[in-house]
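Thanks for asking me to look this one over. Here are my notes, set out point by point so that you can follow along in your viewer.

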Amino acid sequence: MTDSNPIDALRALEAEALDAISGAPDEDALEDARVAFLGRSEGRISAVLRGLGQLSADERPAVGQEANRVKAVVTAALETRSAALGRPAGASGLDLTLPSRKPWKGGLHPITQAVDEIWHIFRDLGFSRARGPEADTEWYNFEALNTPLDHPAADEQDTLYLVDSVLLRSHTSPVQMRTMERHEPPIRIIAPGWVYRRDTYDATHTPAFMQIEGLVIDEGVTFVDFKATLAEFARRYWGPDTVIRLRPSFFPFTEPSAEVDVKRVITRPDGTREETDWLEIMGAGMVDPAVIENAGYDSERYTGWAFGMGPARIALLKHGVDDLRTFFENDVRFLGQFAR
Amino acid sequence: MNVSKRWLHDLVPGLQATSAELAEHLALRGAPVDTISSPGEDIADVVVAKVLSARQHPNADRLSLCEVDGGDGVVQVVCGAPNVRGGTYYPFAPVGAVLPGDFRIKKAKIRGELSQGMLCSSKELGLGREHDGIMELTGEFTPGESFVTAMGLDDATLDVEITANRGDLLSHAGVARELASIGAGSVVLPELPGDPGVSLAYVEGTGEVAAGGVTIRIADPDLCSRYMGAIIRGVKVGPSPEWLQKRLRGAGARPISNVVDATNYVMLELGQPLHAFDLARLAGPGIVVRRSSPSEPRFTTLDGESRALNTNMLMICDAERPVAIGGVMGGLDSEVEDDTTDVLLECALFDPKSIRATRKALNMSTDASYRFERGVDPDGLRTALERCVALIVATAGGTVDAQALDCCPVRFAPSLVDLRLARIEKLLGVAFEADYVNELLHPLGFVVEGSTDGTLHVRVPGYRSYDVKREVDLIEEIARTHGYDAFPSDLGPSRPGSVPDHPMFLLEDELRAAMVGRGLFEAHTPAFAPPGEGDVEVANPLASTEPFMRRSLVPALLRRLAYNLARGNRDVRLFEIGTSFAKAGPGSPPHEETRLAAVLVGRREPPHWSVAEEALGVWDLKALLEDVVGRAYRGSAAVAPGSVAGDTFDAQTTFVVHDASGNAVGHGGRVLGTAVDTPVWASQVWALEVTLPSNVLAAPVASYSALPTVPAVERDLALIIPDAVAAAVAADLIRGSAGEELEALELFDLYRGPAVPEGTRSVAFRLRFRSPERTLKDKEVDRNVTVVLKRLEEELGVKVRG
């Protein structure tokens, strides 16, 4: 050691060492730098550490601390540079290119993911989630919804019955009445859940499937609100260029009724943009005053709108799945494709 | 419903649109078009040819040599059809023509004879399935004229989807009304070729009418509000003229004979089903409209089927017996046949609900029942009857009795519906002027008969009397015809709803996230179950293999696990949150529970070079079960060893879950090899199922306690515990006897082997003592430990390991 401050000297040594390390063009040069600074016998930083004993008791702790810090910094720099030069660590070190130790990855079913994505958008639009039983009565499934059992409309959803007037709900619409019975307007809910129909399994039908009901009841709710909210949902789900189209239709519990189609704009990898065809995504409409009256509300005062959509179909279109039955196979390789 | 494009053009003067434009317009009116078919498109090259002569092929028994006039000179054609005859017209594909399937006709030599073209069968033209021979054409043709034009195949057929409320659209006139606004604005019935211009006088009555020797009596007016009849004498039954056949084919109907075709034509045009009886085969002759009597258990319909009747079914009877199931199908014994000369033409109005009940009981649906069920224009019967009479006389000859019968016990009165302009705005969000409302409604047949103070009085046409009864029904018509696209789409202010997010969804969200975090995949399985897996039975199941609703979610998940193993997926971890069903009281809906179930097999973690592979075991299952139970029951339910009924779980490795009231609310354990189909290489299978509490418990609010400021004192105890004493029992005793300074207790080692006596094991506990106020002295802690050891020995026979 010279007369100069040993800590300053260590810092100068550190800078010199780091320069030498970062400038080392290959493994040999790097090894030379290691020997020059950290070598057991000739290393200049090692020499400082060896010489600590000759320092005064006042100086020793501070210098020792600094010397150890510099040694650590230089050692780390050597490892980083070594890795950068493409050599795995030597026999004493770890090969950090080896695979990491991970836990198993799990994931939500793609239909649940679709339900959640849809729910999160409606949550942001002021909706909450409601639910009801999957086995219900003819009253809730049909009659309360302005669907007399002797009307052909009751046939359109081929219903599975349990006993007499008890059935497996053929849509999530019974939740409309069950919610209105328990709460006062304003009502703003969605109701995701399983529904059942007497359909055979094929690429586009399964006898049990998820549906999401939506219901809004308040004063001053109009067809314009209905259209605007669904358009907003579509833009948030499929992107800002998405447009919707309403086509007149018939559901006994809504009037006016509509089928809702969306048209998306897809941007291809090469940057070109393409409009999709119209895609049917839900049935919807203004809540029929008879339904509002059945709930015990004044239909002159309250108006509303409702919809029902199939998240399985939406997930199918979104992920390019070509057969709804795939969703029920639950092959972990399939489910793993949707894990996040 | 199949709609002929040409027919629409004839009904709507000034209509100019392609098939695609019509489809688009109808879709935006609520009647989407499924498919558009133009049968003539693929066979435009085919012409009508006359075979002048046909003789035996000199070198082949089954072939004929024909001289064919295809309009472009006479050519020789080799034909293999047995029915080829000289002097007859056939469809002909000349050399160079292309047939469906991109089949190009070439000049060929067949067994040494030149063949220049092909005489075609209906199958080859894509028009039919029969392949017994070539298609013989009846009528007069010019050789070389287009086959497509000659057959009327240049029409387009639109398959229009009609919603259940719009019975009026089950007719060309109805569809045409929706298109009137893009034509000249109105619908006009086209002139019938050869229309004799009949005019009928009606003998009217409310219960019974008679004319021309025929009586009509309605005994059950609740099921039939009107029954009209016209008598046509001296008809000659035969094929319909070509124009009528083409028209029917364009609408997807099959021509039969002139009289039947006339009734079908009017039904397809106006939506009114009609039926023609052979008058000579009606006893009386007369008609009685009444419910079936118990003495008439069966009836044979004109399709030859014998059908079981019930006494709620409305029958059309002659003086002696039923001759038709009213509004559904005629009978075999009274239908018009080739030798029929006198016809009684029925035009009636039946109750939609009765027709629906009848045809459902008979498990059949006909063009007539389909229309009556959805509502036939109560104001259009005379028009339909007169048009059908005119068409029969024009095509089958004969003369109509000047007096027709009109038995009408219940007369239709058109309804007036009040429509408030203010209500339109309230519902639709846009103000509509009275003039504009009138403009929208008028083409559909609604008439604004006046208005008072912003309320319009609207008369509803008969054909809309079924679905337009209320103000809101009219408002839908206004929205629809104004065009949904024409409404603005501006998001207005809204209030948040009064309904809180259902707590079960919040619990499900939490559990799903926890399961995914533990490396499980969520599965979806349908809730149907095979026998033995449920007690709630579906009355009308689709698959007889799964007629029940599941009681437990585990069996279906185990099948999915087996499915995965069978596909070589050796690490399978699935969970599902779903509904289980259990029988409740008779006639009431089943009891439903929301449950979480999971099944697991394979390795604990993905293979890694640094550690040996280890299969999922009982402690993994227990941890998963405790996690689910902890989240669902917030500490109020306990997981303990126990047994589960049934043969799914191994009794030695099963846990049961009890809630605070002692109800069993879940279980989990090792699945017996007999309960799941696994390959030999698979590791042990684990499963659990927990019922989520129907009153979801809120997550407790964590309450802060100050962190300790003084050090703790730890003591490790190695204990020899007899096998009969559960570790949890020993731990409980330690907790209960170590004093209030015991802060934590941890079981950190377990040993069984030669170093400890048989029938015992060594269990090591670490006890951590701490006082909130002061540092404990070793002596104090030692005193506590002595108490613990003493009680362990006295009460449980546990000794310290020496």
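The points below begin with chain A as a whole, then turn to some of its elements, the contact between the chains, and a sheet in chain B.

1. A word on the source before anything else: this is a predicted model. Please read every value below as computed from that model.

2. Chain A holds 12 helices and 12 strands. Its radius of gyration is 35 Å, whereas the globule rule gives 20 Å for 340 residues, so chain A is more spread out than a compact globule. The C-alpha trace tells you how that spread is laid out, with spans of about 105 × 45 × 40 Å along the principal axes.

3. Two further totals for chain A are worth having at hand. Of its 340 residues, 44% are buried. Among contacts with a separation of 6 or more, 65% link residues 24 or more positions apart.

4. Do have a look at two helices of chain A, H5 (residues 110-124) and H10 (residues 311-319), which pack with their axes 9 Å apart and at an angle of about 105°. Angles of 65 to 115 degrees count as roughly perpendicular, and H5(A) and H10(A) are therefore described that way. On the H5(A) side the contact is made by A:Pro110, A:Ile111, A:Ala114, A:Val115 and A:Ile118, while H10(A) brings A:Pro311, A:Ala312, A:Ile314, A:Ala315, A:Lys318 and A:His319. By class, the residues of this contact are nine nonpolar, one polar and one charged.

5. Strand S7 (residues 243-251) of chain A is mostly covered, with seven of its nine residues buried. A hairpin through two residues takes the chain from S7(A) to S8(A). S8 of chain A covers residues 254-263, and its pairing with S7(A) is antiparallel, over eight bridges. If you want a place to start in the viewer, try A:Pro248, which stands opposite A:Ala258 in S8(A).

6. How many residues does each chain bring to the contact between them? Chain A supplies 78 and chain B supplies 80. On the chain A side, helix H8 (residues 223-238) gives the most, with eight residues. That side of chain A divides into 37 nonpolar, 17 polar and 24 charged residues.

7. In chain B, four strands make an open antiparallel sheet in the order S41-S42-S40-S43. Which strands stand at the edges? They are S41 (742-751) and S43 (799-800) of chain B; each has a single partner strand, so one side of each is left without a neighbour in the sheet. S41(B) pairs with S42(B) in the antiparallel sense over eight bridges, and B:Tyr751 has B:Ser762 in S42(B) as its bridge partner.

8. Helices also pack on this sheet. Helix H16 (residues 727-737) of chain B touches S40 (713-722), S41 and S42 of chain B, and its direction makes about 150° with that of S41(B). H17(B) lies across S40, S42 and S43 of chain B and runs at about 15° to S40(B).

9. One last residue to click on is B:Lys777, in the loop between strand S42 (760-769) and helix H17 (778-796) of chain B. Is B:Lys777 buried or exposed? B:Lys777 has 10 other C-beta atoms within 10 Å, and a residue counts as exposed at 12 or fewer, so B:Lys777 is exposed. B:Lys777 and B:Val713 are 64 residues apart in sequence, with 8.4 Å between their C-alpha atoms.

Notes:
Residues are numbered from 1 along each chain as its sequence is written. Chains are lettered from A and ligands numbered from 1 in the order in which they are written. This is a predicted model: local features need pLDDT of at least 70, side-chain atom pairs count only at pLDDT 80 or more; totals for chains, interfaces and linings use all residues. A residue is buried if 20 or more other C-beta atoms lie within 10 Å of its own, exposed if 12 or fewer, and partly exposed in between; C-beta atoms are placed from the backbone. Axes are lines fitted to C-alpha atoms, for helices over the stretch in contact, and angles run from 0 to 180 degrees between N-to-C directions. Angles under 35 degrees count as roughly parallel, over 145 as roughly antiparallel, 65 to 115 as roughly perpendicular and the rest as oblique. Two residues are in contact if their C-beta atoms, placed from the backbone, lie within 7 Å. Ala, Val, Leu, Ile, Met, Phe, Trp, Tyr, Cys and Pro count as nonpolar, Asp, Glu, Lys and Arg as charged, and the others, Gly among them, as polar. The radius of gyration is taken over C-alpha atoms; the globule rule is 2.2 Å times the number of residues to the power 0.38. Two strands pair if DSSP finds at least two bridges between them.
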